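Student: Before we start, I would like to go through this model by asking how each label is justified. Could you set each value against its cut-off as we go?

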Amino acid sequence: MRDLLAERLAGYAPRQLALDYPEAGVLVPITDDHRNPEMIFTLRSSNLNTHRGQVAYPGGKRDPGDPSLAATALRETHEEIGLPPEQVQIIAPLSQVMSRYGILVTPYVGVIPVDHPMAPNPHEIESVFRVPLSFLLEDRRERTDALNFLNHTFYVPCYRWDRYQIWGLSAVVLVDFMNAVYDAGIDLLEPPSEG
């Protein structure tokens, strides 16, 4: 899986937003399973101040001591779901996205062992779940949300997996991943065609 992702992301030029905002790094974890790779998501605790009760990738705000945003993503992933940095092979960054709270988020695709146990931090994370990439690539969205940002309207899919809804910023990152790695052709600037 690592080689496939590295090959497909080698020619990808992630969009960088030239904005001066607080920064965050998140990990887009993909299991190292060639037959049925899965993407790991978290459900944030309903006790948090921001994005409470929402599906998210593990990650968080950059600390002054973090040498890079990739290091931020690894540190936060370890804190949130118990996955040590040495168990993650960072492949490449995806395009930056802006959270509605004014945080500039840089996602990093990383490959993780398929069988490594997850230990969610109960103060931050309610649960950790996996979604097969094959399901996500079918683009069986539950709905499409029209979100306005920087004078543009983005048509962002919402996917349901079991009791979880993947939407908003997480869905934007997911679509960027699927388009970059699998040429999924999901256009966030155009409403989906009916039918």
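Tutor: Gladly; a search of the whole structure, which is a predicted model, finds 13 salt bridges.

Student: Why is the pair of glutamate 23 and arginine 62 called a salt bridge?

Tutor: The closest N and O atoms of glutamate 23 and arginine 62 are 3.4 Å apart, and the definition asks for a side-chain nitrogen of Lys or Arg within 4 Å of a carboxyl oxygen of Asp or Glu, so the pair qualifies. The two residues lie in distant parts of the chain, 39 residues apart, with glutamate 23 in strand E1 (residues 23–31) and arginine 62 in the loop between strand E4 (59–61) and helix H2 (69–81).

Student: What makes glutamate 23 and arginine 62 partly exposed?

Tutor: Glutamate 23 has a relative accessible area of 30% and arginine 62 has 32%; because buried means under 20% and exposed means over 50%, values in between are called partly exposed.

Student: How do you know that arginine 143 forms a salt bridge with glutamate 142, and which distance supports its salt bridge with aspartate 145?

Tutor: For arginine 143 and glutamate 142 the closest N and O atoms are 3.9 Å apart, and for arginine 143 and aspartate 145 they are 2.7 Å apart; the limit is 4 Å, so both pairs are accepted.

Student: Are the residues of these pairs buried, partly exposed or exposed?

Tutor: Arginine 143, at 30%, is partly exposed, as is glutamate 142, at 40%, whereas aspartate 145, at 14%, is buried, because its value falls under the 20% cut-off. Elsewhere, salt bridges that share partners join Asp63, Asp66, Arg75, Glu76 and Glu79 into one network.

Student: Why are strand E9 and strand E11 said to stand at the edges of their sheet?

Tutor: The sheet is an open one of three strands in the order E9-E10-E11, with antiparallel pairing. Strand E9 (143–149) and strand E11 (164–166) each have a single partner strand, so one side of each is left without a neighbour in the sheet. Neighbouring strands of this sheet are turned by 30 degrees against each other on average, direction ignored.

Student: How do you know that E9 and E10 pair?

Tutor: Seven bridges join E9 to strand E10 (residues 152–161), the two running antiparallel, and pairing requires at least two bridges, so the condition is met. As one example of facing residues, alanine 146 stands opposite tyrosine 155 in E10. Helix H4 (residues 168–182) lies across E9, E10 and E11, and runs at about 90 degrees to E10.

Student: What makes E1 largely enclosed by the rest of the structure?

Tutor: Eight of the nine residues of E1 are buried, so the strand is largely enclosed. E1 pairs with strand E7 (residues 104–112) in the parallel sense over nine bridges, while three bridges join E1 to E4 in an antiparallel arrangement. Valine 26 has proline 107 as its bridge partner in E7 and stands opposite glycine 59 in E4.

Student: Why can tyrosine 21 count towards a nonpolar surface patch?

Tutor: Tyrosine 21, found in the loop between helix H1 (2–9) and E1, is partly exposed at 41% relative accessibility; a patch residue needs over 30%, so tyrosine 21 passes that cut-off. Together, Leu19, Tyr21 and Leu150 make a nonpolar surface patch of about 270 Å².

Technical notes:
Residues are numbered from 1 along each chain as its sequence is written. This is a predicted model: local features need pLDDT of at least 70, side-chain atom pairs count only at pLDDT 80 or more; totals for chains, interfaces and linings use all residues. Side-chain values use heavy atoms; hydrogens and water are left out. Helices (H or I, at least four residues) and strands (E, at least two) are DSSP runs, numbered from the N terminus. Buried means under 20% relative accessible area, exposed over 50%, partly exposed in between (1.4 Å probe, protein chains only). Axes are lines fitted to C-alpha atoms, for helices over the stretch in contact, and angles run from 0 to 180 degrees between N-to-C directions. Contact means heavy atoms within 4.5 Å. Patches are made of residues with over 30% relative accessible area and no salt bridge: like charges are joined within 9 Å, nonpolar side chains (Val, Leu, Ile, Met, Phe, Trp, Tyr) within 5 Å. Accessible areas come from the Shrake-Rupley method with a 1.4 Å probe; for residues, only the protein chains shown count as cover.
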